[in-house]
Amino acid sequence: MKISATIQSLINEQINLELASAHLYMAMASYFLEAELRGFGNFFIVQVQEENYHAMKHFHFLHEVGGRLQLRTIEAPIDKFENPRHVFQIALEHEEKVTKAIYHLIDAALQEKDFATYTFLEWFVKEQIEEENLMRTILRKLEMIGDNTSALFFLNEELSKRSYEPSNGEKEE
Ligand code: FEO
């Protein structure tokens, strides 16, 4: 069954939001690389890959259900940050915004009894729990670290180990 014009438009909005997320996290990666905090930089470079994967997951679904891609303008993200805590505060707020957009899409799909879209979106509900939790956990750590440079470098080292795993180990579509 082909998706409705409403769902098609919302999935396209979601593709744009995921691509905008990639832009935002690229700006954050750059901020950290410039500050010689390469572990944090690595964390956000991996996050850019995650967001592009999310966008492509919507892209493939859109085509599977007879939809049409309608790319929109992506505004330049913020690229001036006060400190690492500020970065993660913005990242957490951004992920909360993405979660709301996914819930809105699910709500629209259920109103239309579009169970194909609903089932597809279940993966994103779980993913958003992880994404928010990830940003929140690092923000809390940074709050505890405060001005302790040694602890900041320790966390930087920890974040340098993050690597990209498409869809948490699932095969890339
Ligand atoms: Fe694709 Fe971070 O939400």
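## Around helix H4

Right after H4 comes glycine 146, with a positive phi near 55°. H4 itself covers residues 115-145; helices here are DSSP runs of H or I with at least four residues, numbered from the N terminus. This is a predicted model, where local features need pLDDT of at least 70, side-chain atom pairs count only at pLDDT 80 or more, and totals for chains, interfaces and linings use all residues. Residues are numbered from 1 along each chain as its sequence is written, and side-chain values use heavy atoms, leaving out hydrogens and water.

At the other end, a side-chain oxygen of aspartate 114 gets within 3.4 Å of the backbone nitrogen of alanine 116 at the start of H4. Leucine 121 is the centre of a kink of about 30° in H4, the bend being the angle between axes fitted to the seven residues ending there and the seven starting there. What about the span? With 31 residues at 1.5 Å each, H4 should span 45 Å, and its end C-alpha atoms are indeed 45 Å apart. The expected span is 1.5 Å times one less than the number of residues.

## Helix H1

H1 takes in residues 5-34, and its 30 residues should span 44 Å, which agrees with the 44 Å between its end C-alpha atoms. Just past H1, glutamate 36 has a positive phi of about 60°.

## Alanine 55

Alanine 55 sits in helix H2, residues 38-64. It counts as buried because its relative accessibility is 3%; the cut-off for buried is under 20% relative accessible area, with a 1.4 Å probe and protein chains only.

Leaving aside residues up to four places away in sequence, alanine 55 touches Ile15, Glu18 and Leu19, contact meaning heavy atoms within 4.5 Å. Isoleucine 11 is 44 residues from alanine 55 in sequence, with 9.6 Å between their C-alpha atoms.

How values were computed: Helix = DSSP H or I, 4+ residues; strand = E, 2+ residues; numbered from the N terminus. Polar contact = N/O pair within 3.5 Å; in protein donor to acceptor, adjacent residues only side chain to side chain. Buried < 20%, exposed > 50% of the residue type's maximum accessible area, 1.4 Å probe, protein only.
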